[in-house]
Amino acid sequence: MTVLNDEQQRAFALMASGHNVAILRQAGTGKTMLVREGVKRLRERGKCVTVTASTGMAARQYKDATTVHHWAGLLDGRYDNKELLSRIRASEDQSIVERIKTADSLVIDEISMISSKTFEQNSDIAGLVSEMSSKIAVAAIDFGTTYSGYAFSLRSDFQKKPTAIQLHRWSFGNVSYNKVPTSILFDEFRNFHSFGFEAEQNYAKLAAAGTHKDWYLFRKFKMALYRNESLGESTTLKDTSGKTMQAIDVFAAGIAYLKNHLMKTFSMSIVFMEEGDIHWILTVPAIWDDSAKQFVRKSANKAGIVDEHLTLALEPEAAAVYCQHIPDLIPIPVGSPFMVLDCGGGTVDVTVHTITANGTLKELHKPTGGDWGGIKVDDAFYEFLLEVFGMAVVRSLTEQDKLELQGSLDELKRKVVPSGKLSYTITIPICLIEKFDNVSYLGRVKLVGDKLKIDAVLVKSFFDASVKSILSCVQKILDHSRLTDLRHVIMVGGYSDSDILKDGLQMRFPNLQIIRPVDAATAILKGSVIYGHRPQSIGWRVMKFTYGVSVCSKYDEEKHKDGVLRCFDGVLKCVGIFDKYIEVDEILQVGYKTHERYYTPTLLNQAECELSTFCTGSKNPQYVTDIGCKELGKITLSMADSIGQKDRHVRVNMILGDTELKVEAIDAQTGKLYNAAFDFMQH
Ligand SMILES: Nc1ncnc2c1ncn2[C@@H]1O[C@H](COP(=O)(O)OP(=O)(O)OP(=O)(O)O)[C@@H](O)[C@H]1O
């Protein structure tokens, strides 16, 4: 084996761990030797390595090299990207697709001779290949706070027309809906019984018969994952009557119901579709933290969706992807920032992206938002009811009454417009009519038949708290120096259909163009399907936090003045130092890997090493105990393969910029790659 010097060894380590590596030096300094040796070593590890060069002449330096044009199927260079991709897609000879698909690493010699057009075409072809080698279908589940639904498309349909997405319509009574209420009913033995409208109606029937007391009805429970500091597998949820069940069982049952429903829909229309043929997308709010995302993943696993077939999509990001495919919707120029305001039932999620020259989306501002969705309006309405009727009367509502009242409220919310109306009416349950005795809102609330007639200004005030929070969040983002030229806001999510909200935004920000697509309420689901087929639609993301691990280091009087000191084998060390991997607000390319860090075991026979990971909103934390630092969880690194050896170490990369954090560890002695897992839920 050729011996590599330290610098070459470092370059090889980067190649081996999947980084993009540029080797730059004068002629005669060993670049070709390093490439030859690196290729040999990677192949010995079972990797498929392709060696190419920019010219035929350069390729001759290697035994089995070809030109990059030939390898990537760029044909003779006369086609533009679109034509090239459609030729490769339509070609009967799929050898180009096959060889790109199987390559683990690609070497390009004399890369400086390659034009930017060739680069772009290479990247587009790689994207096409990943699309063509993907699953037969993509199915997206939006497990929402108030409403849930699903959509899907076959790969073959997607390739013809990306927006050819089938959105399941749910029938109830004589009406069909895009989504169903996220309500789940379990029987007295905690077995899943029903979901959606059926769950609500079954529970109301049980309650009417007085047999509901041991049953469990969960509704609007998704927000339990938001900012939950102690989220774990043992977290419990309270049902409508205060009885508890394991949260993971409730989420898993809901996801399983939607998954099975979708499989049934498939089986009615498509022959031979199995779960393994589908890539599943689950949508999550972009502002959720890592433990909430991991919780959803674990729930999906429990529902029978395995990790390899599952991607989490960030809701506003998926909507941004969809909006790119709506013809004539948005005249947003390439390079201009635009905001996506995703207003759902529970969460309002705000992101800012720009469209790059190659059509991918680049995030410009970290996801921001809060729990100011449609249910804040509901909360204000129920507070009003309490004032008018009193706690005892409102508490006496039957399950059927509550169901009907929520339906009437949803209808009322849709009717409210910024101006022109003097009052609104809402149908209320008979028991409330009987108890109506208005003293709190004299002249502003009247009873007319079985309806409550409420002064329009009062009704509009139910939106105040939510709209105020959303406006101030948008203002904060606009104040960011990077976004001074932001002119467009795209509103998506069910609650964005509210004219009160849209008007509030337009009044406060008259210079912004507020765009609300026709299918604002389903943009997330449809965008998630497109994202599942083409994950490269998103190219860059902004880091929400500074991430790092807790390390200890030999005590340095200068550096560690405020540190916590401990003595190990007679050596004074400072513990709890924040070893920063990445900084908040940094914009990272999707799949970005941090520079490798090396960790050594403290004991000779240590088989595992645990790293505590931390995050914080501040840019340069010194210690993991600094204000604002939060422990995320642990990474467990296996060192079992080189047990007993001296000078062992594990090299660790964090993979950031994806929708979830990942970590990769390599045993430096054996070269074995471990997919060390983050555990954010060790509570
Ligand atoms: N026209 C409208 N005016 C006001 N509110 C509306 C309108 N249409 C729908 N909503 C409200 O939007 C919310 C549902 O939106 P959506 O289906 O996007 O939420 P979700 O997916 O349940 O929420 P999340 O994204 O928080 O999980 C409900 O609160 C509903 O009452």
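## The seven-stranded mixed sheet

In this predicted model, an open sheet is built from 7 strands, which follow one another in the order 24-23-17-18-19-25-29 and whose pairing is mixed. Its edges are taken by strand 24 (513–515) and strand 29 (587–589), each of which pairs on one side only. When direction is ignored, neighbouring strands of this sheet are turned against each other by 25 degrees on average.

At the edge formed by strand 24, the pairing with strand 23 (residues 488–492) runs in the parallel sense and extends over 3 bridges. Within this part of the sheet, His488 stands opposite Gln513 in strand 24. Helix 18 (residues 464–478) packs on the sheet, where it touches strand 17 (337–343), strand 18 (348–355) and strand 19 (361–370), and the direction of helix 18 makes about 160 degrees with that of strand 17.

## The six-stranded antiparallel sheet

Another open sheet contains 6 strands in the order 27-28-26-32-33-37, and here the pairing is antiparallel. Strand 27 (564–568) and strand 37 (678–679) stand at its edges with a single partner strand each, so one side of each of them is left without a neighbour in the sheet.

Inside this order, strand 26 (residues 546–554) pairs with strand 32 (residues 608–616) in the antiparallel sense, over 4 bridges. Tyr547 has Cys615 of strand 32 as its bridge partner.

## Packing of helix 12 against helix 20

The axes of helix 12 (residues 315–323) and helix 20 (residues 523–533) come within 7 Å and cross at roughly 80 degrees; because angles of 65 to 115 degrees count as roughly perpendicular, the two helices are described as roughly perpendicular to each other. On the side of helix 12, the contact is made by Glu315, Ala318, Ala319, Val321 and Tyr322, while helix 20 contributes Ala523, Ile524, Lys526, Gly527, Ser528, Ile530 and Tyr531. Sorted by class, the residues of this contact comprise 8 nonpolar, 2 polar and 2 charged ones.

## Surroundings of the ligand

The ligand has 20 residues around it, of which Thr146, Lys222, Gly345, Lys413 and Gly494 come nearest. For two of these nearest residues, Lys222 and Gly345, the atoms facing the ligand can be specified further. An N or O atom in the side chain of Lys222 is 2.7 Å from an oxygen atom of the ligand, whereas for Gly345 a polar backbone atom is 2.7 Å from a ligand oxygen atom. The backbone is also involved at Tyr147, where an N or O atom lies 2.9 Å from an oxygen atom of the ligand.

Notes: Residues numbered from 1 in each chain as written. Predicted model: local features only at pLDDT ≥ 70, side-chain atom pairs only at ≥ 80, totals over all residues. Heavy atoms only, no water. Axes fitted to C-alpha atoms, helices over the stretch in contact; angles between N-to-C directions. Parallel < 35°, antiparallel > 145°, perpendicular 65-115°, else oblique. Contact = heavy atoms within 4.5 Å. Nonpolar A, V, L, I, M, F, W, Y, C, P; charged D, E, K, R; others polar. Pairing = 2+ DSSP bridges. Near = heavy atom within 4 Å. Polar contact = N/O pair within 3.5 Å; in protein donor to acceptor, adjacent residues only side chain to side chain.
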